[in-house]
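Here are some notes for your reading of the model, set out as numbered points. Please keep the coordinates open alongside them.

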Amino acid sequence: SDEIRYLLVNATTRRDAENNIVGVVGVAQDVTEAAKHDRAVAAMARELRQLVDTANAPIFGIDVDGNVNEWNNKTAEITG
């Protein structure tokens, strides 16, 4: 199959009584679906950011303390 899978792999050495490496112990977890989800969320965030930045109306964000912490190009144009 040409399908790409993403794996999270953890491994460590296995040692004998004299501390010589005699093998490797590992485990792998298939994280393909999580990786696909993360990429989809990132793509939506980029699209939303572009929409906000190019809007012909001022858009800005205010944090819980009342501070403006985010604004688009139109807001900057209006407020200087």
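1. Phe60 belongs to strand E3, which covers residues 60–62, and in this predicted model Phe60 counts as partly exposed, its relative accessibility being 49%. That value falls short of the exposed class, because a residue has to be over 50% to be called exposed.

2. Once neighbours within four places in sequence are set aside, the contacts of Phe60 are with Val68, Glu70, Trp71 and Thr75. As for Lys74, its C-alpha lies 9.5 Å from that of Phe60, with 14 residues of sequence separating the two.

3. Thr75, one of the contacts of Phe60, is part of helix H2, which is made up of residues 73–79. Is Thr75 buried or exposed? With a relative accessible area of 9%, Thr75 is buried, because the class takes in values under 20%. Residues up to four places away in sequence not being counted, Thr75 touches Pro58, Ile59 and Phe60.

4. Elsewhere in the chain, strand E1 (residues 7–15) and strand E2 (residues 21–30) run antiparallel and are joined by nine bridges, and within this pairing Ala11 stands opposite Gly26 in E2.

5. Strands E1 and E2 form a hairpin that has five residues between them, and a reader checking backbone torsions may wish to look at the turn, where Asn19 has a positive phi of about 70°.

Methods:
Residues numbered from 1 in each chain as written. Predicted model: local features only at pLDDT ≥ 70, side-chain atom pairs only at ≥ 80, totals over all residues. Heavy atoms only, no water. Helix = DSSP H or I, 4+ residues; strand = E, 2+ residues; numbered from the N terminus. Buried < 20%, exposed > 50% of the residue type's maximum accessible area, 1.4 Å probe, protein only. Contact = heavy atoms within 4.5 Å. Pairing = 2+ DSSP bridges.
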